[in-house]
Amino acid sequence: MSPKIDTKKSTKTSSEGFTAEEKAAMKARAQELKAEARAGKDRAEGEKAILAAITAMKEPDRSMAKRLHEIVTASAPALLPKTWYGMPAYANADGKVVCFFQAAQKFGSRYATFGFSDTANLDEGNMWTTSFALMKLTAAEEAKISALVKKAVS
């Protein structure tokens, strides 16, 4: 006879595994999905949401996110701006996120992250980079990000 498993106990343990920041991100994502359903693929609404998210950030994340927004929109104007877990993101015509920014302060990290989802066309053999740690943006990083965004949407 196999021992009984206390499902109430295991559920409680797993639900306590999320930090306050992770819970807030999940809540933000739920609100984003509702807003997206109302707005559809409205570029102006997405732009408004991204700028509000950037404005809410503290420095140096705010400046970095603002500059990344400029780089992405110039490099791939077809991408639709939106927020994803409360952070700036850019989606293809199907609404799938191609690239995103995560502020360092979002989860108390020592660096911000600029990343790509699996819809990005960055495949190189059997292994390739999908996210980058950012401490600050110089001309070299800006050029690399621009090239990667262009490749991601090609």
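Start with the largest nonpolar core of this predicted model: select its 28 residues, and you will find that F114, F116 and V149 touch the most other members. Now colour by element. Helices α3 (43-56), α4 and α5 (139-152) each supply at least two residues of this core, as do strands β2 (87-91), β3 (97-102) and β4 (112-116). The most generous contributor is α4, which gives five residues.

Next, centre on F114. Setting aside neighbours within four places in sequence, F114 is in contact with L68 and V72, with C99, F100 and F101, with T130, S131, F132 and L134, and with I145 and V149.

From there, move to α4 itself, residues 61-75. Its end C-alpha atoms lie 21 Å apart, which agrees with the 21 Å expected for 15 residues at 1.5 Å a residue. Show the side chains of D61, M64, A65, L68, H69, I71, V72 and S75: these α4 residues are buried.

Pause at H69 in this helix. Is H69 buried or exposed? Its relative accessibility is 7%, so H69 counts as buried. Beyond residues up to four places away in sequence, H69 touches E47, I50, L51, I54, P81 and Y90.

Two backbone stops remain. Select E59 and P60, which are joined by a cis peptide bond with omega at about 0°; P60 sits in the loop between α3 and α4. Finally, go to Y85, in the loop between β1 (80-84) and β2. Here phi is near 55°, a positive value in a residue other than glycine. With a relative accessible area of 36%, Y85 is partly exposed.

Conventions: Residues numbered from 1 in each chain as written. Predicted model: local features only at pLDDT ≥ 70, side-chain atom pairs only at ≥ 80, totals over all residues. Heavy atoms only, no water. Helix = DSSP H or I, 4+ residues; strand = E, 2+ residues; numbered from the N terminus. Buried < 20%, exposed > 50% of the residue type's maximum accessible area, 1.4 Å probe, protein only. Contact = heavy atoms within 4.5 Å. Expected span 1.5 Å × (residues − 1). Core = buried A, V, L, I, M, F, W, Y, C linked by side-chain atoms within 4.5 Å.
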